[in-house]
Amino acid sequence: MRLQRISVPVAVLAVLLCLGGCRGKQKQAKGPQKTKFEQAMGSKDTLAVKQLVDRFFGFAKSKDFAEAAGMLYRNDEDPEGEPRQLNNEEMAQVRQMLESVPMTDYRIEYIKFDEYYQNEVLCRVVIKPAEGDMPEISTKMFFKPVNYLGNWLLCLTNTEYGDGGVVNPEKRDSMERAYSRQAGDAQKK
């Protein structure tokens, strides 16, 4: 009889310890887990994507809109397949959009890797810099870099084509802060 009295409290204690351990594991699994592709990305990939974006905006700033548009691809028809360059009508639309935005500067807000066919770059395009009490006038432009056969290509993100983006819109500010912090740490090295 005495063994039964001891085993009940021991069983209760074991259940409580298990519940406590499970709570600890839930706290560790904070936020979304990185994909295998994202884990494999390194500074060379970030640099390659940044250079593509810089080249695109270099053409746009020098008003070479045809060259800028010629750099862009689409992969919305077959996301995991071969990206295709924009057709003439799509390139004309990009040129028209670039001509209508009097860009003076730009900055990358963040680069977020997810899968080889779906990544995200958010750029802030400065239309008019801040002057005195007047804040900066800017707009956002999204790109979807794709790693196709080991080469980075720059795709446009377009909700009209069904692109939803990688980063939840509510989390873009925190992504921007994390990217800025990471870029600052890289510059210190």
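# A tour from the sheet to the aromatic cluster

With the whole chain displayed, the secondary structure comes to 6 helices and 6 strands, and reading along the sequence gives the pattern α-α-α-α-β-β-α-β-β-β-β-α. This is a predicted model, and its mean pLDDT is 79, with 66% of the residues reaching 70 or more.

Colour by pLDDT and select residues 1-18, where the value is below 50 and where the model has 0 contacts beyond near neighbours in sequence. Select residues 24-29 as well: pLDDT stays under 50 there, and the model has 0 contacts beyond four places in sequence for this stretch. Where pLDDT is low, the predicted coordinates should not be read in detail.

Hide those two stretches and turn to the strands, which form an open sheet of 6 strands in the order E2-E1-E6-E5-E4-E3, with mixed pairing. Strand E2 (84-85) and E3 stand at the edges, and because each has a single partner strand, one side of each is left without a neighbour in the sheet. Next select E4 and E5, which run antiparallel and are joined by 7 bridges; Cys123 has its bridge partner in E5, namely Met141.

Now add helix H3, which packs on the sheet and touches strand E1 (72-74), E3, E4, E5 and E6, its direction making about 145 degrees with that of E3.

Which residues touch the most other members of the largest nonpolar core? They are Val53, Phe56, Phe57 and Phe143, in a core of 31 residues. The elements that give two or more residues to this core are H3, helix H4 (65-70), helix H5 (88-100), strand E3 (105-115), strand E4 (118-128), E5 and strand E6 (151-156), and H3 gives the most, with 7 residues.

Show the aromatic side chains next; a search of the whole structure finds 7 aromatic pairs. One of them joins Phe56 and Phe143, edge-to-face, at 5.1 Å centre to centre and with 75 degrees between the planes. Why does this pair tie together parts that are 87 residues apart in sequence? The reason is that Phe56 lies in helix H3 (residues 43-61), whereas Phe143 lies in strand E5 (residues 137-148). Both Phe56 and Phe143 are buried.

Keep Phe143 selected and add Phe57: the ring centres of these two residues are 5.8 Å apart and their planes stand at 85 degrees, so this pair is edge-to-face. Phe57 lies in H3 and Phe143 in E5, so the pair ties together parts that are 86 residues apart in sequence. Is Phe57 buried or exposed? Phe57 is buried, with a relative accessible area of 1%, and Phe143 is buried with a value of 0%; both count as buried because the cut-off is under 20%. Adding Tyr106 to the selection completes a cluster in which ring pairs link Phe56, Phe57, Tyr106 and Phe143.

Stay on Phe57 and select what surrounds this residue: leaving aside residues up to four places away in sequence, Phe57 touches Met103, Tyr106, Cys123, Val125, Met141 and Phe143. Cys123 and Met141 in this list are the bridge partners visited earlier, and Tyr106 and Phe143 belong to the ring cluster.

To end, zoom out to the whole chain, where buried residues make up 33% of the 189 residues. Among the contacts with a separation of 6 or more, 56% come from residues 24 or more positions apart.

How values were computed:
Residues are numbered from 1 along each chain as its sequence is written. This is a predicted model: local features need pLDDT of at least 70, side-chain atom pairs count only at pLDDT 80 or more; totals for chains, interfaces and linings use all residues. Side-chain values use heavy atoms; hydrogens and water are left out. pLDDT is the predictor's confidence in each residue, from 0 to 100. Contact means heavy atoms within 4.5 Å. Rings of Phe, Tyr and Trp (its six-membered ring) pair if their centres lie within 6.5 Å; planes under 30 degrees apart count as stacked, over 60 as edge-to-face and the rest as tilted. Helices (H or I, at least four residues) and strands (E, at least two) are DSSP runs, numbered from the N terminus. Buried means under 20% relative accessible area, exposed over 50%, partly exposed in between (1.4 Å probe, protein chains only). A nonpolar core is a set of buried Ala, Val, Leu, Ile, Met, Phe, Trp, Tyr and Cys residues joined through side-chain atoms within 4.5 Å. Two strands pair if DSSP finds at least two bridges between them. Axes are lines fitted to C-alpha atoms, for helices over the stretch in contact, and angles run from 0 to 180 degrees between N-to-C directions.
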